[in-house]
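This report concerns the cysteines of one structure and the packing of its helices. Please consult the sequence and the structure below while reading.

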Amino acid sequence: MLERFFFTKQGDFHPQESDPITLLSGPPSSGKTSLLFQFAVNSASQCSNVNSKVVFICSRRRLETKPPYLAQGIDPGCDIFKRIKMKYINDDDDEGIKKYFAAFHLKDTFPVAVVVDDFGDFFYERSCQERYGNPRGRDLAMVRTLALCHNAIIFANKTGPCRLLLSDTHNGDSPRSLFIYKRWIRTIFTVKGDDSGSFFLKYNKYSESGSSKGTKTAKYSVAFQYLLLEGITEVDDEE
């Protein structure tokens, strides 16, 4: 499960084994965009159909300010990047995400994966409150958009594998809107940093009751303009 976020050998990545919708959450400047982009590269490279695409949705300004780093061993000029389609949305345009997934069923062919970087950052508190006339407008906007995302991906999976990966930023132990995400997402990866400058990516599988179980942790770093995997270890369920 964790291997999908790092450079892997052909055959190591099995998208059919994963849940259709996944969340990656971590603190600021923890390499989340690099992990997401590596996921996009793996998804494109492991698909047998050379015409299949991966859609990477993000803010152009944020991406240009903090571009993703590639793993060592990946040629930036290789043809696989032609199969990753960038879709830019304005910083506060959560409606742009909603419109994309509302029309998803009209596509002739579906991408093998859709990645949305900094999903939560598209939902500005004030604009959502004004739109819905409700102090919890941001929560309402996220609920409606996630419902559309869920329906779109479930529909696409009737014809073939199509995965959705979202990322969000948290400053505590878990995403601010975890209670919302868990309604539609069972698989959530969380990032924590340590004093050495490395990060730990943990896989959490949430049951319908809301309890979680982790099985593996990946230690990685973002240094010298590379995404470096330092190792993957098994963890106890109690951790």
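In this predicted model, a search of the whole structure finds 0 disulfides. Two cysteines can nevertheless be described by their surroundings: Cys128 is buried, with a relative accessibility of 0%, and Cys162 is likewise buried, its relative accessible area being 0%. Asp94 also has a relative accessibility of 0% and therefore counts as buried, since the cut-off for that class is under 20%.

| Residue | Relative accessible area | Class |
|---|---|---|
| Cys128 | 0% | buried |
| Cys162 | 0% | buried |
| Asp94 | 0% | buried |

Asp94 lies in helix 3, which covers residues 94–102. When neighbours within four places in sequence are left aside, Asp94 is in contact with Phe122, Phe123, Cys128, Arg131 and Ala141. Cys128 is thus one of the contacts of Asp94.

Cys128 also takes part in a contact between two helices. Two packed helices are described by the angle between their axes and the distance between those axes. Helix 4 (residues 125–132) packs against helix 5 (residues 137–156) at an angle of about 85 degrees, and their axes are 7 Å apart. Because of this angle, helix 4 is roughly perpendicular to helix 5. On the side of helix 4, the contact is made by Glu125, Cys128, Gln129, Arg131 and Tyr132; helix 5 contributes Gly137, Arg138, Leu140, Ala141 and Arg144. By class, this contact of helix 4 with helix 5 comprises 4 nonpolar, 2 polar and 4 charged residues.

How values were computed: Residues numbered from 1 in each chain as written. Predicted model: local features only at pLDDT ≥ 70, side-chain atom pairs only at ≥ 80, totals over all residues. Heavy atoms only, no water. Disulfide = S-S within 2.5 Å. Buried < 20%, exposed > 50% of the residue type's maximum accessible area, 1.4 Å probe, protein only. Axes fitted to C-alpha atoms, helices over the stretch in contact; angles between N-to-C directions. Helix = DSSP H or I, 4+ residues; strand = E, 2+ residues; numbered from the N terminus. Parallel < 35°, antiparallel > 145°, perpendicular 65-115°, else oblique. Contact = heavy atoms within 4.5 Å. Nonpolar A, V, L, I, M, F, W, Y, C, P; charged D, E, K, R; others polar.
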